[in-house]
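Grab a pencil and work through these exercises with the model open beside you. Try each task before you read its solution.

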Amino acid sequence: MNEEVNLPYPRRIVLFISLVTLGTSVLFAANRCDDTSTERDKEIVYRINYVREHPAEYAFHLEDLIEQFHGRMRKLPDGVFLETKEGAAAVEEAAKALRRTKPLPPIQWDPCLSESSFAHVLDTGPKGLVGHNSSNGKDFVTRIRRFQTGFRTVGENISYGSKTAEDVVRDLIIDDGVPSRGHRKNILAAGFDSAGAACGPHKQYGVMCVIDFAQEF
C-alpha cells in the first residue's frame, strides 16, 4: 500500500491485491446473489473487457493523455490539476505494455462478486478506511467467501477518488506509482474469468470503487 500525504491538488490512489490461489478441489453449490449493481458498476467491467480484447487499440487512447502533463502534474479537462508520481512516463510505459499484450477473452459479470465488492464499500467507505481488510480486520478472501464460494483464484483492485468508470479503469491500467503494476496485472490476468464491481461514497476520497476478480470452477 502506498503512503498518502495531504497535497494542495486532488490525487487518486489505487490499491491492489495480487492473485491469491486457493488449494482446493472441492466443488460448491451454485451461488445465488441479487444483482443490485448500478450502470457504473457494470460499465467498469465492460471497459475492462474492452482493454482485454483490444489492448493495442486502448494504447492509443492512453497516448492521448500525454499532452495533458506538465511534469508530474496532469491538467484535467475541467482545468483541475492532478498530481502524479511518475508523470507522462507511466502513461507511456502502460501504452507500450498494452501493445505487447495479446488479446484476452472477456470476463463474465458475476453478481456475487459485485455483492462482495459492495459490502466492502458499505463497510469501509463511511469510516474513511483504506485497504482490502474489513473494518473488523478480516481479509478480503474471507469477505468474498460470504458471497461467492466456487472459485480457484481471486484478486481485488480498489480505486479511490476516480468518479467515472472510464477514470477507474484508465487509472488502474496506468498504475502510476505502483512499481509492480499489480492493478494492470489483475485486469490482464489470463486466469480470471469473472468479475464484479461496486462504487460508493468514501469519507476521505469522495468515492471508492472495488473490483473483485475470480477464476471460478
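A disulfide here is a pair of cysteine sulfur atoms within 2.5 Å. We're working with a predicted model, where local features need pLDDT of at least 70, side-chain atom pairs count only at pLDDT 80 or more, and totals for chains, interfaces and linings use all residues. Residues are numbered from 1 along each chain as its sequence is written, and side-chain values use heavy atoms, with hydrogens and water left out.

**Exercise 1. Find the disulfides and describe how each one links the chain.**

Step 1: search the whole structure, and two disulfides turn up. Counting bonded cysteines along the chain, their pattern is 1-2, 3-4.

Step 2: take Cys-33 and Cys-112, whose sulfur atoms sit 2.2 Å apart. This link is right-handed, with 105° about the S-S bond. Cys-33 lies in the loop between strand 1 (13-21) and helix 1, and Cys-112 in helix 4 (residues 111-124), so the bond ties together parts 79 residues apart in sequence. Helices (H or I, at least four residues) and strands (E, at least two) are DSSP runs, numbered from the N terminus.

Step 3: check burial, where buried means under 20% relative accessible area, exposed over 50%, and partly exposed in between (1.4 Å probe, protein chains only). Cys-33 is partly exposed at 23%, whereas Cys-112 is buried at 2%.

Step 4: turn to Cys-199 and Cys-209, with sulfur atoms 2.1 Å apart. Their link is right-handed too, with 115° about the S-S bond. Cys-199 belongs to strand 7 (residues 194-202) and Cys-209 to strand 8 (residues 206-216), 10 residues apart. Both of these cysteines are buried.

**Exercise 2. Work out which strands strand 7 is joined to, and how they run.**

Step 1: recall that two strands pair if DSSP finds at least two bridges between them.

Step 2: look at strand 5 (residues 108-109), which runs parallel to strand 7 and is joined to it by two bridges. Gln-108 has Ser-194 as its bridge partner in strand 7.

Step 3: move on to strand 8, which is antiparallel to strand 7 and joined to it by nine bridges. One of the partnerships is Ala-197 with Ile-211. A hairpin of three residues makes the connection between strands 7 and 8.

Step 4: add the burial, and eight of the nine residues of strand 7 are buried.

**Exercise 3. In the open sheet of three strands, say which strands stand at the edges.**

Step 1: write down the order, 2-3-4, with antiparallel pairing.

Step 2: strand 2 (69-70) and strand 4 (81-83) each have a single partner strand, so one side of each is left without a neighbour in the sheet.

Step 3: zoom in on strands 2 and 3 (residues 73-75), joined by two bridges. Here His-70 stands opposite Met-73.

**Exercise 4. What does the side chain of Arg-52 reach?**

Step 1: place Arg-52 in helix 1 (residues 39-53).

Step 2: look for a salt bridge (a side-chain nitrogen of Lys or Arg within 4 Å of a carboxyl oxygen of Asp or Glu). Arg-52 is buried yet has none, and the nearest side chain of opposite charge, Glu-53, is 7.5 Å away.

Step 3: its side chain does reach the backbone oxygen of Ile-187, at 2.9 Å.

Methods:
Lys, Arg positive; Asp, Glu negative; His and termini not counted. Polar contact = N/O pair within 3.5 Å; in protein donor to acceptor, adjacent residues only side chain to side chain.
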